[in-house]
Amino acid sequence: MKKLFPVLVLLGAGMSAALPQAFAETPAATPHKKTAKHAHQHAAAKADDDDRQPDLAGHVRVDFNCELGNKLSIYENTADTKRIGLRWHKKMHELTRVETTTGAHRFEDKEAGLVWINIPAKGILLDSKKGQQLANECRNNQQVMAKNSAS
């Protein structure tokens, strides 16, 4: 062990002296083949994730019209009340129910940062990663009729 330590110290000193020279000689604009390959694989994996679709067999689609012309669709399955499908900006997401004490229906896709909250009067879509609303005052046909009859 005592002989190994000085060798490691010398190797570390040699590496620290060689690294600045190596970086100075490497052109910054030329990516390594391995880096380009890795970037391509990462992009392909992301595309696979984007293409992944929730299984919508047996689901009923409910369309919502929101303020500012936003639209989204919820896919519900009465046999599985723990998950819903949500189509937002031409992408499908699978959201999982989160229990609440208020009785509101709350579903989340933690990876995408989407949160859908639906109460009897309206629904709202949030981006939990950015901390902002994506769509508010979202109503399906039943909620629109209920609002109009209450007015």
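Start with strand β3 (80-88). In this predicted model, β3 gives the most to the lining of the second largest pocket, with four residues. Keep β3 on screen and add β1, β2 (71-77), β5 (105-109) and β6. Each of these strands supplies at least two residues of that lining.

Now look into the pocket itself. The space inside comes to about 290 Å³. Its lining has 18 residues. Select Glu 76, Ile 84, His 105, Phe 107 and Asn 118: of the lining, these are the closest to the pocket centre. Next, colour the lining by residue class. Seven residues are nonpolar, seven are polar and four are charged.

**The aromatic pair**

Stay with two of the strands. Select Phe 64 in β1 (residues 60-65) and Trp 116 in β6 (residues 114-118). The model has one aromatic pair by the ring-centre rule. In that pair, the ring centres of Phe 64 and Trp 116 sit 5.1 Å apart, and the planes meet at 70°. Why is the pair called edge-to-face? Because an angle over 60 degrees counts as edge-to-face, and the planes here are at 70°.

Trace the chain between the two residues. Phe 64 and Trp 116 are 52 residues apart in sequence, so the pair ties together distant parts, β1 and β6.

Switch on a surface. Are these two residues buried or exposed? Phe 64 is buried, with a relative accessible area of 3%. Trp 116 is also buried, at 2%.

**Asn 136**

Move to strand β8 (residues 132-138) and select Asn 136. Its relative accessible area is 11%. Buried means under 20%, so Asn 136 counts as buried.

Show its side chain. Which side chains does the side chain of Asn 136 meet in polar contacts? One is that of Lys 122, at 3.2 Å. Another is that of Gln 133, at 3.1 Å.

Widen the selection around Asn 136. Leaving aside residues up to four places away in sequence, Asn 136 touches Cys 66, Glu 67, Lys 122, Gly 123 and Ile 124. Lys 122 thus appears both in this set and as a polar partner.

**Helix α3**

Finish at helix α3 (residues 141-150). Select Asn 140 and Gln 142 at the start of α3. A side-chain oxygen of Asn 140 comes to within 3.1 Å of the backbone nitrogen of Gln 142. Then view the whole helix with its surface. How many of its 10 residues are buried? The number is one, so α3 lies largely in the open.

Terms used. Residues numbered from 1 in each chain as written. Predicted model: local features only at pLDDT ≥ 70, side-chain atom pairs only at ≥ 80, totals over all residues. Heavy atoms only, no water. Phe/Tyr/Trp six-rings, centres within 6.5 Å; stacked < 30°, edge-to-face > 60°. Buried < 20%, exposed > 50% of the residue type's maximum accessible area, 1.4 Å probe, protein only. 1 Å grid on protein atoms, 1.4 Å probe; cavity = no way out; pocket = protein on both sides within 12 Å on 5 of 7 lines; lining within 4 Å. Points joined across faces, edges and corners; volume = space filled by probe spheres on them. Nonpolar A, V, L, I, M, F, W, Y, C, P; charged D, E, K, R; others polar. Polar contact = N/O pair within 3.5 Å; in protein donor to acceptor, adjacent residues only side chain to side chain. Contact = heavy atoms within 4.5 Å.
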